[in-house]
Amino acid sequence: MAFPDPEEGDAEAEFRLFFARHYAELSRLANLLTGEADAADDLAADAMLALWDRWDRARAADHPAAYARGVVANLARTRARSAVRERRRIAAFWDRRPEYTEGPDVPAVLDVRTALRALPFRKRACVVLRHAFDLSERDTALALGVSVGTVKSQTAKGMAELQRLLGSRAAAELATRRH
């Protein structure tokens with residue numbers, strides 16, 4: 001699909017070009033943050049709609065792609081919080097006892113996505129943006145609206161938790177492999 005030249009100052013053409021360049025990345029980010037492939041496209045689309053509504057602000061940002069990642073992260077956080085509230089409401093109606101096992105299920109395999117879902121949102125977002133998207137600490141901080149120090153500490157804590165969940169070899173592979 002050919003897009004009009006954004007040099008003409010046409011906001012719509014500029015947004016279409018931004019959409020074409022960044023939608024897939026934003027959907028992938030949403031997928032990694034939520035662990036829900038079906039919801040990822042919806043979140044990315046919602047983010048793009050929010051960006052279009054505030055396109056003047058988004059395109060004036062120093063880093064429009066980082067601004068867009070921040071919108072996706074905020075939408076994913078809101079979705080996660082809503083899911084937690086819903087689970088609490090449902091749990092209030094059920095008297096479920098936790099199932100206990102005698103030891104770890106050795107043949108079971110924990111994949112990275114399951115381990116990522118076990119992390120609190122901020123740690124998960126820092127790990128995903130730093131290692132899956134190969135963003136710098138500064139760019140990650142911009143996307144999440146936090147300080148670089150917070151990114152450093154949350155990434156380190158998140159990787160330590162992944163190491164505990166996955167084992168040191170798998171966590172090391174996650175840190176060096178690009179998805």
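Let me begin with a definition: helices here are DSSP runs of H or I with at least four residues, strands are runs of E with at least two, and both are numbered from the N terminus. What we have is a predicted model, in which local features need pLDDT of at least 70 and side-chain atom pairs count only at pLDDT 80 or more, while totals for chains, interfaces and linings use all residues. Residues are numbered from 1 along each chain as its sequence is written, and side-chain values use heavy atoms, with hydrogens and water left out.

I will start with helix H7, residues 137-144, whose buried residues (buried is under 20% relative accessible area, exposed over 50%, partly exposed in between, with a 1.4 Å probe and protein chains only) are Thr 140, Ala 141, Ala 143 and Leu 144. Seen down the axis of H7, these buried residues fall within an arc of 160 degrees, so they line one face of the helix; the arc is that of the directions from the helix axis to the C-beta atoms.

How buried is Thr 140, then? Its relative accessibility is 0%, and therefore Thr 140 counts as buried. If we set aside neighbours within four places in sequence, Thr 140 is in contact, meaning heavy atoms within 4.5 Å, with Cys 126, Leu 129, Arg 130, Leu 135 and Val 151. Just after H7 comes Gly 145, which takes a positive phi of about 70 degrees.
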